[in-house]
Each structure stands twice: as C-alpha cells, then as structure tokens.
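Reader: I am in my first year and would like to understand how the words used for a structure are justified. Could you show me the model and then take me through the reasoning step by step?

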Amino acid sequence: MMRGMMMDRPMLVSSVIDYAAEVFPQVEVVSNTVEGGIHRYGYAQARERIGRLANALVGLGVKPGDRVATLAWNGYRHFELYFAIAGIGAVCHTINPRLFPEQITYIANHAEDTALFFDLTFLPLVEKVAPTLKTIKTYALLTDRAHMPASSTLPGLLCYEGLLSEMDAAFTWPEFDENAACALCYTSGTTGEPKGVLYSNRSMMMHTFCLIASRPDLFAYNKRILPVVPLFHANAWSLPYVTPVTGCPFILPGAKLDGATLWELMENEGVDAGWGVPTVWLGLIDEFKKRGRKPKNLKQILSGGSAVPQAMIDTLTRDWDIEVTHGWGMTEMSPIGTITLFRPDEQKLQPLERAKLSALQGRRMFGVDLKIVTEKGEIAPRDGETSGELFVRGPAVTSGYYNNAEATKKQMDAEGWFGTGDVAKVTPDGWLVIVDRTKDLVKSGGEWISSIDVENAALAVKGIANCAVIGVPHPKWNERPLLVVVKAPGAEPTKQEIMDVLGSKIAKWQMPDDVVFVDALPMTATGKISKKDLRSKFADFKLPDMAGG
Ligand code: ADP
C-alpha cells in the first residue's frame, strides 16, 4: 500500500464552532430560556462566550480527559458547554435529568465526573443527590446572578454568568489526536443498567458529515431547525454540530415541550423542521387540531427513537402537508443508523405513496454498514422476509462500553460488529424494517409477534390516542399479546370495534388476546413507551381464555 501525502490534520469538534463563527457569524441560536423569555445570538457571539467558558474551565482545573457533566435542557448555555468542554480536550457528559436520582448517582460516579453544570430547574435534584456524588468538586448553576439562590447546600456553588463575565473571550483551541474522547452519554437503561458510550472527536465529526451527506436537503440554506430531541440524549442526533457546519439557525425549546408551547415557539420563530420522538408529535398534532392550523413554516418532521406509526405519518402528510423523515438509531451509533432516503423514482411518487415508505426505518446512512444474522447464525438475504438480529459497523459506532467489559463482550461479535438487540429485515430495495426489540417481541408458541406491527395497526383505529402491545404469560403459548390503549379525548372506542379493525389488518395469530384501557402509558427517560414497566404492571394479567382456570 502506498501512503497518501495529505496533511494529517485532526478532525476536532472545536473546528465546528470556529467555522460557524467565521462563515455564519449572524446566523442565530434562539433559546426559550428556563428563567423565562427568549434569548438570541449569532454563532460569532456564541464562539465568544464559548471562549470565555473554555478559559473558565481551565481556570477551574479541568484537564484533558476529565469528564464534565451537564444536567440541562436544550438552551444556549448547554450548547456552549458542548463546545467549550470538548474544545479543551475534556469530555462533555450529558446526563438525562429524567432518570431516577439513583441512576444519576450511578452514572456520575461511574463516569467519575469532576464538575456538574446544571439548569435552575434541577437545583433541588442536584442538592438531593450531591451527597452521593463521589467525584464532583465543582457545581455551577446555568443562570445569571439575579437568579442565584440566596443559599444552597451545594459547596461553593458557582454562577455560570458570573464565571463567564470575569473571563477573556480569546481562546485558541489546543490541537490533539482526533481519537480523543469529546462526549459521553449513558444509554437510558431501558433494557438494563445504564452503559456509557464514549464518543471521540473523530466519530462525532464522521457522524455529522455522514448525516449531512446522506440528506443534504434537510440542512439546505437557512432551514430553521428545532431539536425537541434533548441535548442530554444521544448528542441530540448530532444537530448541535450539524447546524453550525451548515449554517442553519438553531431553535432551542428549553424546558417546556408540551404541544402548545412548541406550537408557539415554532410559529414565532418560523421553524421549518422539528426533530424528536413520536410521542412529542402526537402532542403537537393535537395542538394543530385545536388551533385549526400548523405553525406557518413547519414543513418537515424528523421522527425517530421508536417506530413512527403509519397513521401519524399519513395524518401529517395528508392533513398538514408535513413531510415525515423517519430515522432509526441508537445512542451507541451517535445515534443515526438509517434514515428515509428516496431514490429518484420514489421521489416522483404521490406524497401518500411516499408516506408508506416513510413508515419503514429508512435506508442506511452513508458510513453505516448493516448485517442481519438469523437464528441459525446465517446472514439473512435482503428479501424483506427473513429477519434476525441486526448488527452494525461504522466510524461512528461504539467499539464497546465505557469501563464495562462485561456489557461490551455481550454486544460485540467476533468480527467486531455491534449487536443492536433489535430484530430486523431488509427489503430488496434496501429499506430497513425494524421488527421489534428482541425483548419486546411477543414470543407466542414458535412464532414471534412484532409489537410494532400490532401497534401500528391499532393506531389506525379512530379514537385511539396511543397504545402499546406487550406479551403476557400464557400457559399454552408461552406469551400472548395484550393491547394497552389510551383513548383519544372524548372518544369511546370499544374492545369489539378495535378488534374488528385489527382483524382486517393483521393475521389471526397476531391478534391481541385482550384489550385494556388506561389513562396514560408509562414513559422512559427518553420519551418512549416503557414496555418494561408495562410488563411488570400486567405481569399477573389473566387473559380471557384463562379466566377462572
Ligand atoms: P434507549 O434504549 O435507552 O431508549 P436509544 O435511544 O439508544 O436509547 O434506543 C435505541 C433503540 O430504540 C433501538 O435499538 C431501537 O430498539 C429503538 N428505536 C430507535 N429508533 C427506532 C425506529 N425508528 N423504529 C423502531 N425502533 C427504534
């Protein structure tokens, strides 16, 4: 092999904000603040404050490789932390505030975080868990002096704005190996103990570039992008890097993510595209209906994190003229793996025809390799029929969990692919179909029932606001599906009506054995339906044909 003769310049996250400051100085980052009111500035001013923050971090003794934690909503100060921490060679550890306090303690101690920056909202939480945090020396509140509490149990609590005001804005980024870690995010523990995914500068840049390369249209000039997906989860799907690189305005929604607040912000800020999990869009669609219209510029929704129901895609396409892009991914993949990608012939299809393809999980993003391994250990053909466990590989896919050899061993195969724990198939046209999480499949006799398929069918029933299918124990079949339904406001769908509609959409053996109605479904810390909680809630549920026996 002949070695190329190009410069070996490291790909560093810090270059992103420098680029935006220089090329898109006035392009805005807009934040709905925790204190109240809107904050706005351009990328140039962001860079200036990031410089101050970098000086402050160095002054506080943060060293390359140190983990600096955040507990914060989507706001400009959190955005600044992303770049200042990574820029000095430290690791930005975003903690999900929706986790149980014990999980936060576990994560912060496991990561050995040395400092914690947090929003006002989380002051009571941080004061509560602080005595259990073994390695944190610095606590800083992401607010100005006027909003600092009169007193706090936190030792030496710092004021973020106070800190920045005393610092110089000039800061030249150090250069180091692009494989240096820049960020850390723990999986939410939906399927077990939280596990740390440690991103490198290189992997973050690769993910950013691959996403832009695969769907450049999503980031065309001046597109105003609003991430509902939190900066504390899976790098907010890498939007904090993609928007400065492409010069897109970045609209950060803060702490309130209900339909009404999102609608107002989208309307006032002329948001073109929203990114987030399906449950968020259900709330927003309700708001469209209440007001009789969508926010004026909203044309695109990128939805992922769990399967996007066909009924939702159809409603958004047909009734609201919004194009839905569907993504599948995992924290371990930085996080995007596949995304709706139309070929030229598919682009010519009618919107509702295209919407059918959008319900599939998408085609692989450039830079992501997929491999499906059947139960027999064979590679599944791309026939749209044969399913198996999905393995992935790529420059932005984890090679193992942080300080957790046991979990790493379980997940990596002998050839170095990462096992996703998802069961999937690929169509001859290259569309990935996620059948289910292995743990969520209903194992009925020798057959596996995809909870996603049954939910998708049920969500097309009028009067169902949301639903989930879980397997409940059955003496003969091992497990049978139970459909748990939340009714739409004012609607009264009956069990019979639901079963009738389902009967026309899915096979008999896939039909739920029973339907139960609940007021709300339990949610995970990342806004997905918690099947784990549902399964334990209905662990002793007696299916009808077992009644009395
Ligand atoms: P957590 O497991 O804590 O929820 P992740 O966001 O990393 O955190 O979850 C990744 C998992 O979410 C995937 O392995 C898959 O099971 C599910 N998932 C993500 N996107 C989709 C999608 N578009 N369709 C179906 N399942 C999805």
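Author: Let us start with a definition: two strands pair if DSSP finds at least two bridges between them. The model is predicted, and in it strand S19 (residues 418-426) and S20 are joined by five bridges in the antiparallel sense. Five bridges satisfy the requirement of at least two, so S19 and S20 count as a pair.

Reader: Which residue of S20 stands opposite Lys-425?

Author: Opposite Lys-425 stands Val-433 in S20.

Reader: What makes S20 an edge strand?

Author: The open sheet to which S20 belongs has four strands in the order S17-S18-S19-S20, with antiparallel pairing. Strand S17 (369-373) and S20 are its edge strands, since each of them pairs on one side only. Within this sheet, neighbouring strands are turned against each other by 50° on average, if direction is ignored.

Reader: Why is one side of strand S7 and of strand S9 left without a neighbour in the sheet?

Author: These two strands belong to an open sheet of seven strands, ordered S7-S6-S5-S3-S4-S8-S9, in which the pairing is mixed. Strand S7 (158-159) and strand S9 (196-200) stand at the edges and have a single partner strand each, so one side of each remains without a neighbour in the sheet.

Reader: How do you know that S8 and S9 are paired?

Author: Strand S8 (residues 181-186) runs antiparallel to S9 and is joined to S9 by five bridges; since at least two are required, S8 and S9 count as a pair. Within this pairing, Cys-185 has Val-197 in S9 as its bridge partner. Helix H7 (residues 201-214) packs on the sheet, where H7 touches S8 and S9, and the direction of H7 makes about 80° with that of S9.

Reader: What makes the approach of Gly-327 to the ligand a polar contact?

Author: A polar contact is a pair of N or O atoms within 3.5 Å. A backbone N or O atom of Gly-327 lies 2.8 Å from a nitrogen atom of the ligand, and 2.8 Å falls within that limit, so the pair counts as a polar contact. The same test can be applied to Arg-437, where an N or O atom in the side chain is 3.2 Å from an oxygen atom of the ligand; this pair is therefore a polar contact as well. Taken alone, the ligand exposes 560 Å², and the protein buries 94% of that.

Reader: Which elements give two or more residues to the shell around the ligand?

Author: They are strand S14 (323-329) and strand S20 (432-437), and S14 contributes the largest share, with four residues. By class, the shell has four nonpolar, eleven polar and three charged residues.

Reader: Where is Pro-335, and which peptide bond there is called cis?

Author: Pro-335 is placed in the loop between S14 and strand S15 (336-339). The peptide bond that runs from Ser-334 to Pro-335 is the cis one, with omega near 15°.

How values were computed:
Residues numbered from 1 in each chain as written. Predicted model: local features only at pLDDT ≥ 70, side-chain atom pairs only at ≥ 80, totals over all residues. Heavy atoms only, no water. Contact = heavy atoms within 4.5 Å. Axes fitted to C-alpha atoms, helices over the stretch in contact; angles between N-to-C directions. Polar contact = N/O pair within 3.5 Å; in protein donor to acceptor, adjacent residues only side chain to side chain. Areas by Shrake-Rupley, 256 points an atom, 1.4 Å probe, with all protein chains shown as cover. Nonpolar A, V, L, I, M, F, W, Y, C, P; charged D, E, K, R; others polar.
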